[in-house]
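Colleague: I am new to this structure. Please show me how to read its side-chain packing.

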Amino acid sequence: MAKVAALLIGIALLGVVSVSSGQAGISRVGTNSIQFACPDGHFQYIIVTITTKFRAVDAPHTNWAQFNVEVNGLRLATITNSIYVIKGGAKGHYWGYETYAVSQKMINYMVLPGNSVSVNFLNGEQHISSDIRVDLSN
C-alpha cells in the first residue's frame with residue numbers, strides 16, 4: 001500500500017493525468033506556445049489541442065491561426081484553426097462578435113526521455129490568443 005501511495009504522489013508531482021498500459025501519460029499547457037522536455041518514459045502519441053480566440057470583425061471574414069508541432073526541432077505537423085464568419089444585416093447595425101475555433105490532432109511519433117516537445121504560433125488573421133494542451137500518451 002505504501003508503494004501505491006508513493007507512486008500516486010510521484011504521479012501528482014509530475015503533472016500526470018492519465019494511466020494507460022501500465023505507463024503514465026503527461027499533459028502540459030501554455031498560451032500561444034509551449035515547450036517542454038519529455039520526462040522519464042517513452043510515449044508513442046502526441047495529442048495537441050488548441051483553442052483559439054479571434055477578434056470581432058463587422059464583415060464576412062475568415063479567421064485563422066497556424067501552429068507548428070515539433071520534437072527536437074523536427075516539424076511533425078502544422079495545425080490550422082480557422083472559422084468563416086458570415087455577416088448578415090446592414091443599415092448601421094454592428095454585427096461583430098469574438099469567435100472561437102478548436103482543433104485537435106493526434107500524431108504517432110515516439111517521444112523519448114529528454115526530447116524537446118514544442119507547439120508554436122506561426123501566424124494568423126484576427127488572432128487574439130490560443131490555449132494549447134499537449135498530451136503524451138501510449
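Contacts, core and rings

Modeller: Start with one residue: leaving aside neighbours within four places in sequence, Val48 is in contact (heavy atoms within 4.5 Å) with Val69, Ile79, Ser103, Gln104, Lys105, Val119, Ile132 and Arg133. This is a predicted model, where local features need pLDDT of at least 70, side-chain atom pairs count only at pLDDT 80 or more, and totals for chains, interfaces and linings use all residues. Residues are numbered from 1 along each chain as its sequence is written, and side-chain values use heavy atoms, with hydrogens and water left out.

Colleague: Which residues touch the most other members of the largest nonpolar core?

Modeller: In soluble globular proteins, nonpolar side chains tend to be buried together. A nonpolar core is a set of buried Ala, Val, Leu, Ile, Met, Phe, Trp, Tyr and Cys residues joined through side-chain atoms within 4.5 Å; buried means under 20% relative accessible area, exposed over 50%, partly exposed in between (1.4 Å probe, protein chains only). Here the largest core has 23 residues, and Ile46, Val48, Val119, Ile132, Val134 and Leu136 touch the most other members. Strands (DSSP runs of E, at least two residues, numbered from the N terminus) that each supply at least two core residues include β4 (43-54) and β9 (127-137). The most come from β4, with 5 residues.

Colleague: How are the rings of Phe67 and Phe121 arranged?

Modeller: Rings of Phe, Tyr and Trp (its six-membered ring) pair if their centres lie within 6.5 Å; planes under 30 degrees apart count as stacked, over 60 as edge-to-face and the rest as tilted. The centres of Phe67 and Phe121 are 5.6 Å apart and the planes are at 65 degrees, so this pair is edge-to-face. Phe67 is buried at 0% relative accessibility, whereas Phe121 is partly exposed at 30%.

Key:
Helices (H or I, at least four residues) and strands (E, at least two) are DSSP runs, numbered from the N terminus.
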